[in-house]
Amino acid sequence: MMRLPWFRYEAPRTVAEAARILAAEGPNAMLIAGGTDLLPNMKRRHQTPGILVSLRHIEPLKKTANGNGLTLGAGLTLSEIVNTPTIRANYAGLYQAAAQVATVHLRNSGTIGGNLCLDTRCTYYNQNYEWRKAIDFCMKKDGETCWVATASKRCVAVTSTDTAPALIALGANVRLVSSGGERDVALADFYNNDGMEYLTRRSDEVLTEVVLPDLSGWKSTYWKLRRRGSFDFPVLGVGAAVKFAADGTVEDARLVLGAAASRPVVTKAGELLRGKKLTDEVIAEAAETIASRAKPMDNTDLEVYWRKQVAPAFIGYALKEVRGDDMRNTRLRIARHAL
Ligand SMILES: Cc1cc2nc3c(=O)[nH]c(=O)nc-3n(C[C@H](O)[C@H](O)[C@H](O)COP(=O)(O)OP(=O)(O)OC[C@H]3O[C@@H](n4cnc5c(N)ncnc54)[C@H](O)[C@@H]3O)c2cc1C
Ligand code: SF4
C-alpha cells in the first residue's frame, strides 16, 4: 500500500490568507483543491510538500458570475461546471472537456483550478517510487536523465489537462493572486513547453478565477482520444472554437491541441480557415496541415505513430461538429473503441 508522506494541513478561509501562507512558507507549501491529482502524486513521492494549503473552505472560489462573458471560480468542481446550463449552451467546448475528465467521483472532487494546474505526465514518471528507483529515476524527479530523449536537456512530459485546450480555444484568461497583488494572464500564456516548469504561475500565486469572454456567434467543441471510453487521461485533445458570419464563412477560428507537447499547442487554424466555408475539402486540408505540425513523443499511452495517424481525423471531427454536423454516432463509436 502506498502511504502519504507526513505534512501539515492549513485550511484558510480567504484567498489573502492562503496567499500569505504560500509567501511565508515558499515552495515547501503547496495548494490542494480536490486533491485528485496531488494526493496520488504525493503517494508516489512526485511531490512531497511539508505543508498543504487547502482551498476547500474559501467560498469566493466557488462562485460563478455572469456579465459580459462568464467568470468561474477556480474552486468549482468539474461536476458543477458540467451541470451549469449556461456553460453547456454557450461554452460547449468547456462542457465537453469537463464531462470527459476522469470519472463522476473524481469530477465531484476535482476542480477547474486543479485541472488547469495538473502536473504533466510521462510513462517513466507516473509510476510508484520503487519503479522509478529501479530505473535510477529521471530528470523530472530525483534523477539526471530523461529516458524519453536521453540527449535532451528538457523534460518532455506531456500536458494532460482536458479543460486547458478547450478553454484556450474559448479565449479564456486566468486571474492569479499573491500577497504582492494580482494579475490576469491569457490561459495560452499560463503554460511553458517544459515538462518540469510547465506553468508560468509563481509558487506564491493562487489561481482564483477563469474569465471567459462573451462568445456570441461562436461555436465550440472538444474531442478526446484515450484508451478507455469510460475514463482515461487524453493522449490527444482537440479544443476548437469557430466564429461564423451570417453566410457560413469562417470569421475567426481557434484550435488547440492537448496531450501533444508539454503545453497545449495553439495551432494556426485561424490563418488556415478565415474567409472560407467549412466544406469537407477545407476541413480535410486544414486537419492534415494542423496535425502535421504536432510532434507528440512516445511517452504516453497508445502507439505514437498511430496517434499521429488519427490526429487529422480527430481535428476533422471537431471542425465538422462546429459546422453543425450531428457527430453523436462518431462520439459513441469512439467511446466503444470502434474507430
Ligand atoms: C484515475 C484518474 C483519472 C484522471 N483522468 C483525468 C482526465 O481524463 N483528464 C484530466 O484532465 N485529469 C484527469 N485526472 C486528474 C484530476 O482528477 C483532474 O485533473 C482534476 O481536475 C484535478 O483537480 P483537483 O482539484 O483535484 O486538483 P489537485 O489535485 O488538488 O491539485 C492539482 C495541482 O493543482 C494545484 N492547484 C490546485 N488548485 C489550484 C489553484 N486554485 N491555484 C493554483 N494551484 C492550484 C495543486 O497545488 C496541484 O499542483 C485523473 C485523475 C485520476 C486519479
Ligand atoms: S520526459 Fe524525460 S524527464 Fe520528463 S518525466 Fe519523462 S523521462 Fe522524466
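Reader: What stands opposite Ala 65 in E5?

Author: In this predicted model, the residue of E5 that faces Ala 65 is Thr 71. Ala 65 belongs to strand E4, residues 64–67, and Thr 71 to strand E5, residues 69–73.

Reader: What makes E4 and E5 a pair, and in which sense do they run?

Author: Two strands count as paired if DSSP finds at least two bridges between them. E4 and E5 share four bridges in the antiparallel sense, so they qualify as a pair. The connection between E4 and E5 is a hairpin through one residue.

Reader: How many bridges link E5 and E8?

Author: There are five, and the sense is antiparallel. E8 covers residues 206–213, and in it Val 210 is the bridge partner of Leu 72. Set against the required at least two bridges, five make E5 and E8 a pair.

Reader: Which residue stands opposite Val 174 in E8?

Author: Val 210 again. Strand E6, residues 173–178, pairs with E8 in the antiparallel sense, over five bridges. Val 210 thus appears in a bridge with Leu 72 and opposite Val 174.

Reader: Let's turn to the rings. How many aromatic pairs does a search of the whole structure find?

Author: The search finds five. One of them joins Tyr 129 and Phe 137, with ring centres 5.3 Å apart and planes at 55°.

Reader: Why is the pair of Tyr 129 and Phe 137 called tilted?

Author: Rings pair if their centres lie within 6.5 Å, and planes under 30 degrees apart count as stacked, over 60 as edge-to-face and the rest as tilted. The centres of Tyr 129 and Phe 137 are 5.3 Å apart, which makes them a pair, and their 55° falls in the remaining range, so the pair is tilted.

Reader: How do you know whether Tyr 129 counts as buried, exposed or partly exposed?

Author: Buried means under 20% relative accessible area and exposed over 50%, with partly exposed in between. Tyr 129 has 31%, so it is partly exposed. Its partner Phe 137 has 11%, so Phe 137 is buried.

Reader: Where is the place of Phe 137?

Author: Phe 137 sits in the loop between helix H8 (129–134) and helix H9 (163–169). Its C-alpha atom is separated by 32 Å from that of Ala 291, which lies 154 residues away along the chain.

Reader: What makes Trp 223 and Tyr 317 a tilted pair?

Author: Their rings are 5.2 Å centre to centre, with 45° between the planes. The distance is within 6.5 Å and the angle is neither under 30 degrees nor over 60, so the pair is tilted. Trp 223 is in strand E9 and Tyr 317 in helix H12, so this pair ties together parts that are 94 residues apart in sequence. At 1% relative accessibility Trp 223 is buried, and Tyr 317 at 16% is buried too. Phe 314 joins Trp 223 and Tyr 317 in one aromatic cluster.

Reader: What is the volume of the second largest pocket?

Author: About 370 Å³. The pocket is lined by 17 residues, and the closest to its centre are Arg 88, Ala 92, Gln 96, Ser 220 and Glu 321. Helix H4 (85–90), helix H5 (92–99), strand E9 (218–225) and helix H12 (304–323) each give two or more residues to the lining. E9 gives the most, with four. By class the lining has six nonpolar, five polar and six charged residues.

Reader: What is unusual about the phi of Arg 45?

Author: Most residues other than glycine have a negative phi. Arg 45 has a positive phi of about 65° although it is not a glycine. Arg 45 lies in the loop between helix H2 (38–43) and strand E3 (51–54), and at 26% it is partly exposed. Asp 142 also has a positive phi, of about 75°. Asp 142 is in the loop between H8 and H9 and is partly exposed at 45%.

Reader: Which residues surround ligand 2?

Author: Among them are Cys 122, Cys 138, Cys 146 and Cys 155, along with Tyr 124, Trp 147 and Lys 140. The shell divides into eleven nonpolar, no polar and one charged residue. Cys, Tyr and Trp count as nonpolar and Lys as charged, so Lys 140 is the charged residue of the shell.

Note on methods:
Residues numbered from 1 in each chain as written. Chains lettered and ligands numbered in written order. Predicted model: local features only at pLDDT ≥ 70, side-chain atom pairs only at ≥ 80, totals over all residues. Heavy atoms only, no water. Near = heavy atom within 4 Å. 1 Å grid on protein atoms, 1.4 Å probe; cavity = no way out; pocket = protein on both sides within 12 Å on 5 of 7 lines; lining within 4 Å. Points joined across faces, edges and corners; volume = space filled by probe spheres on them. Phe/Tyr/Trp six-rings, centres within 6.5 Å; stacked < 30°, edge-to-face > 60°. Buried < 20%, exposed > 50% of the residue type's maximum accessible area, 1.4 Å probe, protein only.
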